[in-house]
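Open your viewer and keep the selection box handy. We will walk from stop to stop, and at each one you will hear what to select and what is there.

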Amino acid sequence: MFRLLSSFLLVLIANLSFSQQIKVVDKESNKPIENVYIFDKYNSILTNELGIADLSEFKEKRLLHFQHPSYQNLEIDFNDIKLQNFIVKLHSNIFPIQEVVVSANKWEQNIKEVPLKVHKIDKAEISNTNSQTTADLLKSCNQVYIQKSQLGGGSPMIRGFAANRVLLVLDGVRLNNAIYRSGNLQNVISIDANSLESAEVILGPGSIIYGSDAIGGVMDFHTIKPLYSTSGKTNTKLRYKNRYSSANNEVMNHVSYNIGKERLSYAGSVTYSDFDDQKMGSHGPDEYLRNEYVIIDNGTDKIITNSEPKSQKQSGYNQFNLVQKIRYKASENTDLLYGFHYTTSSDIPRYDRLIQYKGDKLKYAEWYYGPQTLQMHNFQLTLKKAKLLYDSFRLTTAFQNYKESRHDRKFSSAIKRNRSEKLKIYIVNADTEKKLTKSTHLFWGAEMTHNRLRSTGHSTNIETNTFEEIASRYPDKSKYSTLAFYSNIKHKLNSNWTLNTGIRYSHIWISSELDNTYYNFPFSNLDLSTGSLNGGLGVTYNSDSGWDLKFNASSGFRAPNIDDIGKVFDSEPGKVVVPNKDLKPEYIYNLDFNVSKNFNQKFFIDINAFYSFLDDAMIRSDYSFDGHHTIIYDDTESEVQAIVNADNAKVWGVNFQCIAKINQNFSATANMNYNNGEYKDGSPVRHIAPMFGSFKLDYKSNKLSSNIALEYNAKIAYNDLAEVEKDKAYLYAQDKNGNPYSPEWLIVSWNNNYKLTNSINLNFSIENIFDKRYRPYSSGIAGVGRNFIMGVDINLK
């Protein structure tokens, strides 16, 4: 009996000892680390917000592995953990390892084996950046330049390309549609930065995986994903975030939540943001001041003097974002996910048109975008049981209901023009991965899209309240479809060298019937059928001494869409763009070279250089319409232009980044981007941003994260402006000769995040401390002046 009782007590003590909880902390600050991935040969678990994990399911007392993207990997024997009283300390990285990216081939892959230059914005960076919009979040990564025509805007420029030459992807679904234009776009702000788990930016062509439009780069956004319970208890999370910004009186409220069982989980995100008119800085060009604006007084347009010229009157708007997801684990190898996205805005004043003059008077009394609304249903089926053709398979289907509109009325005119577009978009993606051998992975898939467009136009007489139909922006009832197949192979040559190669064929169909009611078109339809074959070859070398080298040669393309071939619109004063049924795709051929080195976790350097050649470039050029070089448009005789394949361009540049660890609390980061480009006649490429860069000094302790950041933009002189920009003098400052140019500027900001408790984080920041008045290149609205930002982020679990 005594032996039995003794044996029972020994077993009980052993079990209690083994169920000892483990705690993972930062070696330097002793701060607990959340979401550390702990695993052995048979089991795995994540640490909670206190850095704690229960190892009771780990039956083997052997080697354990610890992984976290911000810390060095660790392998340690279980007995050594016991000697350390079940406290494991990890060494932080001075730069984000970003070991896993999805955007390169739509499956998780080690970034060191990807020959493309990919920048990942993780959840911590998204939270710390505290950006007002997703456009501002992209700007913070120092790889993307953001242009804004209005406060409710944000057009990403990547390596000299923008708008429909860069691709937006949300939860695996392409957002670029049949009417994405070549001019600056604001669609990225439809994505709620508060709902994002991560974002990845591919620099350079991504057409092999993503098809048309991925010429300059791809921005791949991943929103919240429902989390299952792994402990037997309901996985419940609730987050509330609030922010106030003084420069535009922004008030933002955000709520997100997760309720997860072992096989069923539900997550959601709701955000409402309200922006007042934005104030610019006090020190800078007077040309940016808003000295007067138009009001409607008793039905009459009046120009009044702005008592606060730094206030950019008629720039405010509001926005609502909703994300809802349900996830079901049908079996160990089958996962189902349904996602619903909804975003809408108020009317968004187009500020760059509202500051435009005709003679000595403001040209427009009204110019605004109607509510930009996107509703998306997204269903994903993921299978992870190995079959003959795949080891993992993902089917993504999506339906988008998209609406946008434009409304303008000239000063003292009773006629308001209203043009509206509605798109129904159907998308099906099938993506697979297959391990052919120990060293060879095959990725392949197919994509099909179909866009159906309704485009209407009418004018309103604001005095008589009568309506009249006018020409629509696009041919009504147009259709745009694509079908594509791709294959990509990754082969490990040895422990240091990795080879990647891929190919994609895409075919595009456009069907449009032209209406001769308003224009005497010389043709009746715009039917188009065209295909494109693209490929790429890249190698990576990861040395044992820490040197990483990448080389990539690839091609990309952009096929004409309905906006390119069928639009009639005023591109600028006195010029009108008309349809061209003879367009064909434009192609880019790109070389990329990247070298990086980590010097003992004390100093990191990364240099990326590229050269691109754009052939058969679609550009706006002088054109004849039914034999005429001018037509009457909007009661004005206007020069005729069209989008044509009439040019080629060379674009090249370099990105430089270095990070230095000063001591356990301080680190410094510097970034610099230089791009240049010219068409075959030597004229500058329109979307080449000025040289821009940043320097940031970070301080981190157990409770406080703080940084001082410098953001710099170089000057673009008048002679270096693209020709189309020279015609927009109202966007720019004046040089000593009275010519438009984009001045250089430098702003300094201070950002602070304080961990009040394990659940509550406080933010206090000052943007543009010295109240500089500046306007990013090609933008219509000036940047914020001195801006005080306060916020709270509450996480309950």
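Begin inside the protein: the second largest cavity holds about 240 Å³ of space. To see where it sits, select Ala104, Pro115, Leu116, Ile208 and Asn488, the closest to its centre of the 25 residues that line it. A cavity here is a set of points, on a 1 Å grid over the protein atoms alone, where a 1.4 Å probe fits but cannot get out; a pocket is an open set with protein on both sides within 12 Å along at least five of seven lines, and lining residues have an atom within 4 Å of a point. Grid points are joined across faces, edges and corners, and a volume is the space filled by probe spheres set on the points. By this rule there are eleven cavities of 30 Å³ or more.

Before you move on, note that this is a predicted model, in which local features need pLDDT of at least 70 and side-chain atom pairs count only at pLDDT 80 or more, while totals for chains, interfaces and linings use all residues. Residues are numbered from 1 along each chain as its sequence is written, and side-chain values use heavy atoms, with hydrogens and water left out.

Which element gives the most to the lining of this second largest cavity? Select helix H5 (207–210): H5 gives four residues. Strands E37 (497–511), E38 (528–542) and E39 (547–558) each supply at least two. Helices (H or I, at least four residues) and strands (E, at least two) are DSSP runs, numbered from the N terminus. By class, the lining has ten nonpolar, 14 polar and one charged residues. Here Ala, Val, Leu, Ile, Met, Phe, Trp, Tyr, Cys and Pro count as nonpolar, Asp, Glu, Lys and Arg as charged, and the others, Gly among them, as polar.

**Next stop: an open pocket**

Now select Ile619, Arg620, Tyr679, Arg686 and Val724. The second largest pocket has a volume of about 660 Å³, and of its 28 lining residues these five are the closest to its centre. Colour E43 as well, since E43 gives the most to this lining, with five residues. Strand E13 (161–162), strand E45 (636–661) and helix H8 (723–726) are among the elements that each supply at least two. The lining of this pocket counts eleven charged, ten nonpolar and seven polar residues.

From E43, step along to Gly627, in the loop between strand E43 (603–622) and strand E44 (630–633). Is Gly627 buried or exposed? Gly627 counts as exposed because its relative accessibility is 63%; buried means under 20% relative accessible area, exposed over 50%, partly exposed in between (1.4 Å probe, protein chains only). Add Pro522 to your selection: its C-alpha atom is 9.1 Å from that of Gly627, although the two are 105 residues apart along the chain.

**Next stop: a hairpin and its partner**

Select residues 692–700 and 704–713, which are strands E47 and E48; they pair in the antiparallel sense over nine bridges. Two strands pair if DSSP finds at least two bridges between them. Three residues lie between E47 and E48 in this hairpin, and Lys696 stands opposite Ala709 in E48. Now add strand E51 (residues 745–755), which runs antiparallel to E48 and is joined to E48 by ten bridges. Asn713 stands opposite Trp745 in E51. As you turn the view, remember that in a regular strand the side chains alternate between the two faces of the sheet.

Zoom in on Ser706, in E48. Ser706 is buried, because its relative accessible area is 11%. Its side chain makes polar contacts with the side chains of Trp750 (3.1 Å) and Asn752 (2.7 Å). A polar contact is a pair of N or O atoms within 3.5 Å; within protein, one must be able to donate a hydrogen and the other to accept it, and residues adjacent in sequence count only if both atoms are side-chain atoms.

**Last stop: a loop residue**

Finally, select Asn194, in the loop between strand E15 (173–174) and strand E16 (196–203). Asn194 counts as buried because its relative accessibility is 8%. Which side chains make polar contacts with the side chain of Asn194? Look for Asp192, at 3.1 Å, and Lys241, at 3.5 Å.
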